[in-house]
Amino acid sequence: MPTPTRAPACIVLAPEVHGSPDGVVVQGPEGDRAGHPVTFAEWLYRYLIGEEMARWGCSARFPGPVRLECPTSEPGRPARETYGPERGV
């Protein structure tokens, strides 16, 4: 299993990437940018299974399950946690 390297500094949803509607632009800590003409869900999935979706040499593989934290709209109430499926990839 590859060791995760530094995470991207900023992930932005873009209205257009490389001529395709919608996409994800990732800016690294050094200011370098990479555009991906995919939905955020696809980008996140591909990043978590280990594809280089941020910049060269920056990937992660998390066996999961992925924990999602859903904040509540009411102050003082704890966030709701949900978990994705076990990762068989």
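**Close-up views of a predicted model**

Read along the sequence, the protein in this predicted model follows the pattern β-β-β-α-β-β. It thus holds one helix and five strands. Of its 89 residues, 22% count as buried. The legends below treat the sheet, its two hairpins, the nonpolar core, a surface patch and the salt bridges in turn.

**View 1. Three strands form an open antiparallel sheet.** The order of the strands in this sheet is 1-2-3. Strand 1 (10-17) and strand 3 (33-36) are the edge strands, and each of them pairs on one side only. Neighbouring strands of the sheet are turned against each other by 25° on average, direction ignored. Strands of a sheet pair through backbone hydrogen bonds, in either a parallel or an antiparallel manner.

**View 2. Strand 1 and strand 2 form a hairpin.** Two residues lie between strand 1 and strand 2 in this hairpin. In the turn, H18 has a positive phi of about 50°. The two strands pair in the antiparallel sense over seven bridges. I11 lies in strand 1, and the bridge partner of I11 in strand 2 is V26.

**View 3. Strand 2 and strand 3 form a second hairpin.** Here five residues lie between strand 2 and strand 3. G31, in the turn, has a positive phi of about 95°. Strand 2 (residues 20-27) and strand 3 run antiparallel and are joined by four bridges. Towards one end of the pairing, Q27 stands opposite R33 in strand 3; V24 has H36 of strand 3 as its bridge partner.**View 4. Strand 3 has a covered face and an uncovered face.** A34 and H36 belong to the covered face of strand 3. R33 and G35 belong to the uncovered face. In a regular strand, side chains alternate between the two faces of the sheet. Of the residues on the two faces of strand 3, H36 is the bridge partner of V24, and R33 stands opposite Q27.

**View 5. Eight residues make up the largest nonpolar core.** The members of this core are V24, V26, V38, W43, Y47, L48, M53 and A54. Strand 2 and helix 1 (40-48) each supply at least two residues of the core. Helix 1 gives the most, with three residues. In soluble globular proteins, nonpolar side chains tend to be buried together. Two members of the core also have bridge partners in the sheet: V26 is paired with I11, and V24 is paired with H36.

**View 6. I11, L13 and F40 make a nonpolar surface patch.** The area of this patch is about 280 Å². I11, a residue of strand 1, is partly exposed, with a relative accessible area of 37%. I11 can therefore belong to a patch, for which a relative accessible area of over 30% is required.

**View 7. E42, R46 and E51 are joined into one network by salt bridges that share partners.** The side chains of E42 and R46 meet in a salt bridge, at 2.9 Å from N to O. E42 and R46 are four residues apart in helix 1, so about one helical turn separates them. R46 also forms a salt bridge with E51, and the closest N and O atoms of this pair are 3.0 Å apart. The three residues are partly exposed: the relative accessible area is 36% for E42, 24% for R46 and 31% for E51. Side chains of opposite charge can pair when their charged atoms come close.

**View 8. R77 and E74 form a salt bridge.** The closest N and O atoms of R77 and E74 are 3.8 Å apart. R77 counts as exposed, at 52% relative accessibility, whereas E74 counts as partly exposed, at 44%. In total, the protein has three salt bridges.

Conventions. Residues are numbered from 1 along each chain as its sequence is written. This is a predicted model: local features need pLDDT of at least 70, side-chain atom pairs count only at pLDDT 80 or more; totals for chains, interfaces and linings use all residues. Side-chain values use heavy atoms; hydrogens and water are left out. Two strands pair if DSSP finds at least two bridges between them. Axes are lines fitted to C-alpha atoms, for helices over the stretch in contact, and angles run from 0 to 180 degrees between N-to-C directions. Buried means under 20% relative accessible area, exposed over 50%, partly exposed in between (1.4 Å probe, protein chains only). A nonpolar core is a set of buried Ala, Val, Leu, Ile, Met, Phe, Trp, Tyr and Cys residues joined through side-chain atoms within 4.5 Å. Patches are made of residues with over 30% relative accessible area and no salt bridge: like charges are joined within 9 Å, nonpolar side chains (Val, Leu, Ile, Met, Phe, Trp, Tyr) within 5 Å. Accessible areas come from the Shrake-Rupley method with a 1.4 Å probe; for residues, only the protein chains shown count as cover. A salt bridge is a side-chain nitrogen of Lys or Arg within 4 Å of a carboxyl oxygen of Asp or Glu.
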